Amino acid sequence: MPELPVNYTTTIQLFNYNARNGILEVPDVGAAGLLIVSTGAGYKAYDRCSPVNPENLCKIVPDAGGITTTDPCTGAKWLLMDGSPQKAPAVHYLKSYTVRIQGSQQIRVTN
């Protein structure tokens with residue numbers, strides 16, 4: 001997967017407004033976009049590029065329940081709470097980024 005600089009900021013208010021099932025899809029950041037996930041205990045951020053055949057830049061898609069995500073190219077699945085592989089051919093964790101809450105209103109995602 002290409003290593004690209006990531007420096008994305010949003011407000012918690014905008015996250016809450018735009019997120020579906022606690023997941024915000026952010027295009028044009030990282031290799032294939034970002035998924036920012038509210039875990040209930042904070043936030044996680046992952047690159048949308050599937051770690052299965054990353055050279056194809058297949059974008060993972062959040063599942064309806066908001067707990068897992070699927071690679072539509074291979075059917076692989078990952079848990080969004082920690083990025084762990086849940087269904088073959090997934091064997092690697094999702095690429096994660098650092099998430100910091102700045103002040104009490106901003107979510108900042110970096111690598």
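Buried means under 20% relative accessible area, exposed means over 50%, and partly exposed lies in between (1.4 Å probe, protein chains only). The model is predicted: local features need pLDDT of at least 70, side-chain atom pairs count only at pLDDT 80 or more, and totals for chains, interfaces and linings use all residues. Residues are numbered from 1 along each chain as its sequence is written, and side-chain values use heavy atoms, with hydrogens and water left out.

**View 1. Whole chain, with one helix and ten strands.** Helices (H or I, at least four residues) and strands (E, at least two) are DSSP runs, numbered from the N terminus. The order from the N terminus is β-α-β-β-β-β-β-β-β-β-β. The radius of gyration is 13 Å, close to the 13 Å from the globule rule for 111 residues, so the chain is as compact as a globular protein of that length. That radius is taken over C-alpha atoms, and the rule is 2.2 Å times the number of residues to the power 0.38. The C-alpha trace spans about 40 × 30 × 20 Å along its principal axes. Of the 111 residues, 41% are buried.

**View 2. Surface and charge of the chain.** About 6000 Å² is exposed, and carbon and sulfur atoms supply 49% of it. Accessible areas come from the Shrake-Rupley method with a 1.4 Å probe; for residues, only the protein chains shown count as cover. There are 9 positive and 8 negative side chains, and the centres of the two sets lie 5 Å apart. Lys and Arg count as positive, Asp and Glu as negative; His and the chain ends are not counted. Each charge is placed at NZ of Lys, CZ of Arg, CG of Asp or CD of Glu.

**View 3. The disulfide of C58 and C73.** A disulfide is a pair of cysteine sulfur atoms within 2.5 Å. One disulfide is counted by this rule. The sulfur atoms of C58 and C73 are 2.0 Å apart. The link is right-handed, with 90 degrees about the S-S bond. It joins distant parts of the chain, 15 residues apart: C58 sits in the loop between β4 (43-47) and β5 (61-62), C73 in the loop between β6 (68-70) and β7 (77-79). C58 is buried, at 7% relative accessibility. C73 is exposed, at 56%. C49 is in no disulfide; its nearest cysteine sulfur, that of C58, is 8.2 Å away. C49 is buried because its relative accessible area is 0%.

**View 4. Positive phi at N53 and L57.** N53 is in the loop between β4 and β5. L57 is also in the loop between β4 and β5. Phi of N53 is near 55 degrees, and N53 is not a glycine. L57, not a glycine either, has a phi of about 50 degrees. N53 is partly exposed, with a relative accessible area of 37%. L57 is partly exposed at 39%.

**View 5. The cis peptide bond from A88 to P89.** Omega is near 10 degrees. P89 falls in the loop between β8 (85-87) and β9 (96-102).

**View 6. T110 in strand β10.** The strand covers residues 106-110. T110 is buried, with a relative accessible area of 10%. Leaving aside residues up to four places away in sequence, T110 touches V6, N7, Y97, T98 and R100. Contact means heavy atoms within 4.5 Å. Across the chain, 41% of contacts between residues at least 6 apart in sequence join residues at least 24 apart.
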